[in-house]
Amino acid sequence: MERYANKGGDSGILAFEITATSITVEFKDHSLYLYDNNNPGSAIVERMKALAKSGQGLNSYISTTVKKNFAEKLR
C-alpha cells in the first residue's frame, strides 16, 4: 500500500492501493475498503484514484459522494 500524502493535514485516510479496476483504501482506524468498477462504478473509482495520487480530497469525496457504496469491507 502507498501512504496517503494527506496534504490537508486532517484526513482520515492512511494509505491506498490502486489497480486497473479498483482502489483499496485504509482508514486511520485501520479498516480497509475495496472500491471497484462495479461498486461504486468506474467514473467514481477513477476520481478516487486521482484524488489519492494528489494526496488531497479523498476522505471528503468518500464522505460526501461515495459514502457506503463500496465493493467490500476487507478489514
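**Close-up views of a predicted model**

**View 1. A bend in the loop at His 30.** His 30 sits in the loop that links strand 3 and strand 4. This is a predicted model, so take the loop as the prediction draws it. The phi of His 30 comes out near 70°, a positive value, and this is a residue other than glycine. Is His 30 buried, partly exposed or exposed? With a relative accessible area of 43%, His 30 counts as partly exposed, because that class falls between the 20% limit for buried and the 50% limit for exposed.

**View 2. Asn 6, another positive phi.** Go to the loop between strand 1 and strand 2 and you'll find Asn 6. Here phi is near 55°, again positive in a residue other than glycine. As a reminder, most residues other than glycine have a negative phi.

**View 3. The cis bond before Pro 40.** Which peptide bond is cis here, Asn 39 to Pro 40? The bond joining Asn 39 and Pro 40 is cis, with omega at about 15°. Pro 40 belongs to the loop between strand 4 and helix 1. For background, most peptide bonds are trans.

**View 4. The sheet, strand by strand.** Five strands make an open sheet in the order 1-2-3-4-5, and the pairing is antiparallel. At the edges are strand 1 (2-3) and strand 5 (72-73), each with pairing on one side only. Zoom in on strand 2 (residues 13-18) and strand 3 (residues 22-27): they run antiparallel and are joined by five bridges. Looking across from Ala 15, you meet Glu 26 in strand 3.

**View 5. Two helices packed on the sheet.** Helix 1 (residues 42-54) packs on the sheet and touches strand 2, strand 3 and strand 4 (32-36). Its direction makes about 50° with that of strand 3. Helix 2 (residues 58-66) also packs on the sheet, touching strand 2, strand 3 and strand 4, but the direction of helix 2 makes about 105° with that of strand 3.

**View 6. Inside the largest nonpolar core.** Which members of this 16-residue core touch the most other members? They are Ile 23, Val 25, Tyr 35, Met 48, Leu 58 and Ile 62. At least two core residues come from each of strand 2, strand 3, strand 4, helix 1 and helix 2. Centre the view on Met 48 and, leaving aside residues up to four places away in sequence, its contacts are Ile 23, Val 25, Tyr 35, Leu 58, Tyr 61, Ile 62 and Val 66. In soluble globular proteins, nonpolar side chains tend to be buried together.

Technical notes
Residues are numbered from 1 along each chain as its sequence is written. This is a predicted model: local features need pLDDT of at least 70, side-chain atom pairs count only at pLDDT 80 or more; totals for chains, interfaces and linings use all residues. Side-chain values use heavy atoms; hydrogens and water are left out. Two strands pair if DSSP finds at least two bridges between them. Helices (H or I, at least four residues) and strands (E, at least two) are DSSP runs, numbered from the N terminus. Contact means heavy atoms within 4.5 Å. Axes are lines fitted to C-alpha atoms, for helices over the stretch in contact, and angles run from 0 to 180 degrees between N-to-C directions. Buried means under 20% relative accessible area, exposed over 50%, partly exposed in between (1.4 Å probe, protein chains only). A nonpolar core is a set of buried Ala, Val, Leu, Ile, Met, Phe, Trp, Tyr and Cys residues joined through side-chain atoms within 4.5 Å.
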